[in-house]
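Colleague: Hi, got a few minutes to go through this one with me?
Modeller: Sure, let me bring it up.

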Amino acid sequence: MSGTIDLNMVNAYIPGRADVGAETAATIDRRNRLLGPAYRLMYERPLHIVRGEGAWLIDGDGRRYLDIYNNVTSLGHCHPRVVEAICRQVATLATNTRYLHETILELAERLLATVAGTDLAHLMLTCTGSEANDLAYRMAKVRTGGTGIIVTETAYHGFTDAVSQFSPSLGMSVDLGSHVRVVPAPRAYHADGVDLGDRFTCDVEAAIADLKRHGIKPAMLIVDTVFTSDGVLPGPAGFLKGAVAAIRQAGGLFVADEVQPGFGRTGDHMWGFQRHGLSPDVVTMGKPMGNGQPIAGLMVTQDAVARFGADSRYFNTFAGNTVSCAAAVAVLDTIEQEDLIAHAAKIGAELRGGIAALAGRHEAIGDVRGIGMFVGVELVSDRLTRRADRETTSRVVNLLRDKGILLSACANGHNVLKIRPPLVLTSEQVAMVVQGLDEALAEAASAG
Ligand code: PMP
């Protein structure tokens, strides 16, 4: 069935595949009628969630689901400090960047302090990660005079017209731009001992040469610094350096997309690029920035933005509004006060260790990898050939959903469990995840 119906999202709900019950079916029908055909639901039996609290999502019957997938509410659902900051600010003043306001300046000072030692000098705000990457591309074009873009093969950078053209994970039905080149993702598990840094550098160099051969001047190399949709591929520290040098040599910018890894998830730094000792021209950020409040943005060097800023006016009605800025400041306060970067490292290591220990019992586990509170579990039908097992992956995701644990899958082969819990996950919750995964893998194997 999955071969005939491709809803082009890993783990998309497929109508008719499972009995969802009359009430859920009626809500799905109503939603389709009202929202139209472009939206996707997750899981064979979609969830109807009414409340969130810490790492938990709760449905209308009071059933609790451990949410280890949602890296927007990275401090946990409805974190009291963020809720309080939003309520206080929305009751005081909700307005835009055309008035002077302290909070946006405090936010800029605090964020720019996290990248001290780089050339990143300014903060610009948007509402979504897609807008941040769209703006990054506009700036790169102005700065370089080029249009060419290099991305990894299953990258996702956003939904706008410009950005969807360099988001190959959207699938075959969304055209890549003729100015876009894809390079293989740095998949250590499939590298057969080849140096990942050398290989990635060579692939980026080849993409630059191909752009030039077609008369296209490179504008930017953009990577998610943990390669999330490519399968959660942090790679060794420093391995991106050669590729970044290559794009700069060719006159292009290096854009670090920190929408997924940013705000401490990697457990060692605030930003994924910092592990590689890099100084990007542009850093884009989003998702966890407001713990649910829509705020995203960019940090840019003076050099990257100078020409764009002189020639163009930037205004975005909601971006940088006082309420979103207050939420983002509360997020930074919480990361600091709850020591969440260190916590992500500690609990993330427990999670990876617990899952890796299951590999002795479950042949399907080919690789367990990740960094901080970011884990990828690659499921294979044969450890020797490392062949992707998409069916088992989908079964495990849905079995876990039935056991009250929410995650999803990613990567080219749709066979990598993507685990991104809130940074506040506890050791007890790690034990629940490991036990649930143990059971789900056993059930999937016996059903298969
Ligand atoms: N970049 C990356 C790496 C992402 O994962 C996403 C969202 N999944 C985006 C950009 C786009 O962010 P948004 O959905 O806020 O537009």
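Colleague: How many residues of domain 1 are in contact with domain 2, and how many on the other side?
Modeller: Bear in mind that this is a predicted model. In it, 35 residues of domain 1 touch 37 residues of domain 2.

Colleague: And where do the domains run?
Modeller: Domain 1 comes in two pieces, 47-78 and 339-447, while domain 2 covers 80-337. Their C-alpha centres lie 26 Å apart.

Colleague: What area do domain 1 and domain 2 bury between them?
Modeller: About 2,900 Å², with 58% of it on carbon and sulfur atoms. On the domain 1 side, Ile 341, Ile 371 and Arg 386 lose the most area to domain 2, together 24% of what that side buries.

Colleague: How many salt bridges are there across that interface?
Modeller: The rule finds 1 between domain 1 and domain 2. Arg 386 also turns up in a salt bridge with Asp 192, where the closest N and O atoms are 3.0 Å apart.

Colleague: How many salt bridges does the whole structure hold?
Modeller: There are 21. Among them is the pair of Arg 45 and Asp 402, with closest N and O atoms 2.6 Å apart.

Colleague: Why does that pair tie together parts far along the sequence?
Modeller: Arg 45 sits in the loop between α1 and β1, and Asp 402 belongs to helix α11, so the bridge links parts 357 residues apart in sequence.

Colleague: Switching to helices: at what angle do α3 and α9 pack?
Modeller: Helix α3 (residues 102-113) and helix α9 (residues 322-337) pack at about 35°, their axes 9 Å apart. The crossing is left-handed.

Colleague: Which residues make the contact?
Modeller: From α3, they include Ile 104, Leu 107 and Leu 111; from α9, Ala 328, Val 329 and Leu 332 are among them. By class, the contact has 8 nonpolar, 1 polar and 4 charged residues.

Note on methods
Residues are numbered from 1 along each chain as its sequence is written. This is a predicted model: local features need pLDDT of at least 70, side-chain atom pairs count only at pLDDT 80 or more; totals for chains, interfaces and linings use all residues. Side-chain values use heavy atoms; hydrogens and water are left out. Axes are lines fitted to C-alpha atoms, for helices over the stretch in contact, and angles run from 0 to 180 degrees between N-to-C directions. Helices (H or I, at least four residues) and strands (E, at least two) are DSSP runs, numbered from the N terminus. A crossing is left-handed if the near helix is turned anticlockwise from the far one by less than a right angle, and right-handed if clockwise. Contact means heavy atoms within 4.5 Å. Ala, Val, Leu, Ile, Met, Phe, Trp, Tyr, Cys and Pro count as nonpolar, Asp, Glu, Lys and Arg as charged, and the others, Gly among them, as polar. Domain bounds come from an automatic or database domain assignment. Buried area is the accessible area (1.4 Å probe) that two parts lose on being put together, summed over both. A salt bridge is a side-chain nitrogen of Lys or Arg within 4 Å of a carboxyl oxygen of Asp or Glu.
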